[in-house]
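This report goes through the charged pairs, the nonpolar core, the strands and the overall dimensions of one protein chain. The sequence and the structure come before the discussion.

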Amino acid sequence: VQLQASGGGLVQPGGSLRLSCAASGGISSIGNMGWYRQAPGKQRDLVARVTSGGSTNYANSEKGRFTISRDNAKNTVYLQMNSLKPEDTAVYYCFAWLRARVGGPYREYWGQGTLVTVSS
């Protein structure tokens, strides 16, 4: 099983980016998916997560600016980020709780991280 994140890059303050993270490999079912981020010298913090049924929750600072969504048919989670600020600069990591086989346990998998830099 692999999670492949993409969509990071350099953007000016006030700009937008859309991150994607696709799960591939032997997958039976996927539960929660989401994103964490880690700024230089700081701990990794939750940004947003979405359940298999589409319920979402966000860290307070991202509410209204970020939108998480998923496409279950594509095993993909997205993070639309608008009105970006310099303090949003971080490596963004996607995660997914999934079963690799029918009836097996859910395990947490992580993507490799994608760098978002917000700077003028």
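## Salt bridges and core

A network of salt bridges links Arg 37, Arg 65 and Asp 88, in a model that is predicted. The structure holds 2 salt bridges, and the table sets them out with the separation of the N and O atoms.

| Pair | N to O separation | Burial |
|---|---|---|
| Arg 37 and Asp 88 | 2.9 Å | both buried |
| Arg 65 and Asp 88 | 2.8 Å | both buried |

Where do the partners of these pairs lie along the chain? Arg 37 belongs to strand 4, whereas Asp 88 sits in the loop between strand 8 and strand 9, so this pair ties together parts that are 51 residues apart in sequence. Arg 65, for its part, lies in the loop between strand 6 (56-58) and strand 7, so its pairing with Asp 88 in the loop between strand 8 and strand 9 ties together parts that are 23 residues apart in sequence.

Turning to the nonpolar residues, the largest nonpolar core has 28 residues, and those with the most contacts inside it are Leu 3, Trp 35, Ile 68, Leu 79, Met 81 and Tyr 92. Two or more residues of this core come from each of strand 1 (2-6), strand 3 (17-24), strand 4 (29-38), strand 5 (44-50), strand 7 (66-71), strand 8 (76-81), strand 9 (90-99) and strand 11 (114-118), and strand 9 gives the most, with 5 residues. Met 81 offers a detailed view of these surroundings: leaving aside neighbours within four places in sequence, Met 81 is in contact with Gly 15, Ser 16, Leu 17, Leu 19, Arg 65, Phe 66, Tyr 92 and Val 116. Arg 65 is therefore both a contact of Met 81 and a salt-bridge partner of Asp 88.

Strand 1 shows how its side chains are divided between two faces, since Leu 3 and Ala 5 point to one face and are buried, while Gln 2, Gln 4 and Ser 6 point to the other and are not buried. Strand 1 and strand 3 run antiparallel and are joined by 5 bridges, and within this pairing Gln 4 stands opposite Ala 22 in strand 3.

## Chain as a whole

The secondary structure of the protein chain comes to 0 helices and 11 strands. The radius of gyration is 14 Å, close to the 14 Å that the globule rule gives for 120 residues, so the protein chain is as compact as a globular protein of that length. Along its principal axes, the C-alpha trace spans about 50 × 25 × 25 Å.

Buried residues make up 38% of the 120 residues, and the accessible surface comes to about 6,300 Å², of which 46% belongs to carbon and sulfur atoms. Among contacts between residues at least 6 apart in sequence, 56% join residues at least 24 apart.

## Positive phi values

Two residues other than glycine remain to be described for their backbone angles. Asn 75, in the loop between strand 7 and strand 8, has a positive phi near 55°, and its relative accessibility of 24% means that Asn 75 counts as partly exposed. Ser 83, in the loop between strand 8 and strand 9, has a positive phi of about 50°, and at 41% relative accessibility Ser 83 counts as partly exposed.

Technical notes:
Residues are numbered from 1 along each chain as its sequence is written. This is a predicted model: local features need pLDDT of at least 70, side-chain atom pairs count only at pLDDT 80 or more; totals for chains, interfaces and linings use all residues. Side-chain values use heavy atoms; hydrogens and water are left out. A nonpolar core is a set of buried Ala, Val, Leu, Ile, Met, Phe, Trp, Tyr and Cys residues joined through side-chain atoms within 4.5 Å. Buried means under 20% relative accessible area, exposed over 50%, partly exposed in between (1.4 Å probe, protein chains only). Helices (H or I, at least four residues) and strands (E, at least two) are DSSP runs, numbered from the N terminus. Contact means heavy atoms within 4.5 Å. Two strands pair if DSSP finds at least two bridges between them. A salt bridge is a side-chain nitrogen of Lys or Arg within 4 Å of a carboxyl oxygen of Asp or Glu. The radius of gyration is taken over C-alpha atoms; the globule rule is 2.2 Å times the number of residues to the power 0.38. Accessible areas come from the Shrake-Rupley method with a 1.4 Å probe; for residues, only the protein chains shown count as cover.
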